[in-house]
2 protein chains.
Amino acid sequence: MRSNESFASAIRLRGMKLTRQRQLILEVLESSRGHPDAEMVYAKAKERDPRIGFATVYRTLALLKQLGLAEEHNLGEGHGHFEAVDKTKPHFHFTCLKCGKVVEFVSPQILRTTQSLCEKKGLLVTDIHLHFSGYCRHCRPAGSECAEKP
Amino acid sequence: MRSNESFASAIRLRGMKLTRQRQLILEVLESSRGHPDAEMVYAKAKERDPRIGFATVYRTLALLKQLGLAEEHNLGEGHGHFEAVDKTKPHFHFTCLKCGKVVEFVSPQILRTTQSLCEKKGLLVTDIHLHFSGYCRHCRPAGSECAEKP
DNA sequence: ATCTAAATGATAGTGATTATCAATATCAAA
DNA sequence: TTTGATATTGATAATCACTATCATTTAGAT
Ligand SMILES: [Mn+2]
Ligand SMILES: [Mn+2]
Ligand SMILES: [Zn+2]
Ligand SMILES: [Zn+2]
């Protein structure tokens with residue numbers, strides 16, 4: 001849960017400043033279910049700090065990405081969705097083209113295959129994004145109902 | 001090479017019109033090396049038809065995607081890159097974060113693993129995008145030179 | 001050749017993200 | 001604990017990729 005210390009040390013290591021806003025945005029992201037976009041992170045952060053700015057949200061999300069504490073995913077909408085990184089569970093994403101539902105996957109096998117493939121080519125892989133799209137159980141035949149969104 | 005016939009028939013099947021512009025854009029995409037973005041496709045098309053419009057390029061690329069004749073990839077820049085589909089060789093992409101070079105992969109094993117994983121969850125997969133990023137052979141240690149771009 | 005709906009192209013508009021910059025806050029040093 | 005240098009913020013303008021609009025053109029049927 002609290003990657004707060006590693007955040008603080010990573011920040012200080014680079015001569016940056018640990019601000020109230022940065023801590024808040026990380027907390028918002030870590031306490032979020034699913035894959036909020038920048039606007040959602042902004043809305044949640046604003047509940048706790050009404051003076052926070054949109055630009056700061058974007059800047060901080062970019063910073064968290066650089067530090068490896070957040071990932072950005074393209075889930076088929078025209079904008080990014082974010083997720084706090086839990087290094088113990090790298091996972092992949094499926095998006096239903098009809099209802100927009102996002103399903104998460106784990107596959108150590110795909111991770112292994114990818115790594116060995118890349119090593120053979122002399123590539124140093126820092127990030128893997130696997131994204132499928134198609135139709136979920138409910139949307140596949142001739143439609144039951146489907147609720148959740150990214 | 002010439003998926004021109006399948007294009008013509010797919011177009012007519014839907015009561016659409018086979019225009020000079022649509023044929024040109026498909027030809028441009030098929031004769032392109034690498035992964036041109038919309039602007040590059042526009043530039044190449046304009047060499048052969050100076051009157052062609054940007055909107056038509058976007059519209060046609062979207063159409064080709066729908067018909068399964070083109071794929072769009074997010075290679076880490078903020079915009080899409082396109083590629084004519086060669087159904088015999090589904091492949092994946094690696095982007096070097098330093099020099100921007102794109103390396104292509106083939107992995108029947110990953111394709112198989114993905115398909116079986118999704119079937120277990122009742123998902124109908126229509127599209128798989130696997131994208132790694134990191135540092136290529138030349139950019140990994142302390143830098144040799146690196147040329148090609150997306 | 002004529003007709004009609006689909007498609008085009010110029011351009012305005014949109015939505016997401018980034019740049020700018022004066023005001024503010026962090027944090028180290030005095 | 002004040003002070004001071006400067007990193008950061010927040011309001012907002014700007015940019016960038018892409019989409020909508022609409023008058024004009026064109027493909028393809030008759
Ligand atoms: Mn996820
Ligand atoms: Mn490719
Ligand atoms: Zn669905
Ligand atoms: Zn490189």
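This text walks through a metal site and a DNA-facing surface in a predicted model.

Start with the metal. The manganese ion (ligand 1) is held by donors from chain A: A:H35, A:E83, A:H91, A:H93 and A:E104. The histidines each coordinate through NE2. The glutamates use OE atoms, and A:E83 appears twice among the donors. Coordination distances run from 2.1 to 2.6 Å. The 6 donor atoms make angles of 54 to 173°, and the site is irregular.

Now follow the donor residues along the sequence. Their spacing is H-x47-E-x7-H-x1-H-x10-E. One of these donors, A:E83, has a relative accessible area of 11%. That is under 20%, so A:E83 counts as buried.

Turn next to DNA strand C. It has 18 residues around it. A:K17, A:Y58, B:T19, B:R22 and B:R59 come nearest. Both chains therefore have a place in that list. By class, this surface has 6 nonpolar, 6 polar and 6 charged residues.

Which helices each supply at least two residues of the surface near DNA strand C? Chain A offers α4 (54-66). Chain B offers α2 (20-30) and α4 (54-66).

Look at the DNA side too. Of the strand C atoms within 4 Å of the protein, 73% belong to sugar or phosphate. The rest belong to bases.

Some side chains come up to those bases. A polar side-chain atom of A:K17 lies 2.5 Å from a base oxygen of DNA strand C. In chain B, a side-chain N or O atom of B:K17 is 3.1 Å from a base nitrogen of the strand. For B:R59, a side-chain N or O atom is 2.6 Å from a base nitrogen.

Key. Residues numbered from 1 in each chain as written. Chains lettered and ligands numbered in written order. Predicted model: local features only at pLDDT ≥ 70, side-chain atom pairs only at ≥ 80, totals over all residues. Heavy atoms only, no water. Donors = N, O, S within 2.8 Å, 3.2 Å for Na, K, Ca; no water. Tetrahedral: all angles 85-135°; square planar, octahedral: opposite > 155°, others 65-115°. Buried < 20%, exposed > 50% of the residue type's maximum accessible area, 1.4 Å probe, protein only. Polar contact = N/O pair within 3.5 Å; in protein donor to acceptor, adjacent residues only side chain to side chain. Helix = DSSP H or I, 4+ residues; strand = E, 2+ residues; numbered from the N terminus. Nonpolar A, V, L, I, M, F, W, Y, C, P; charged D, E, K, R; others polar.
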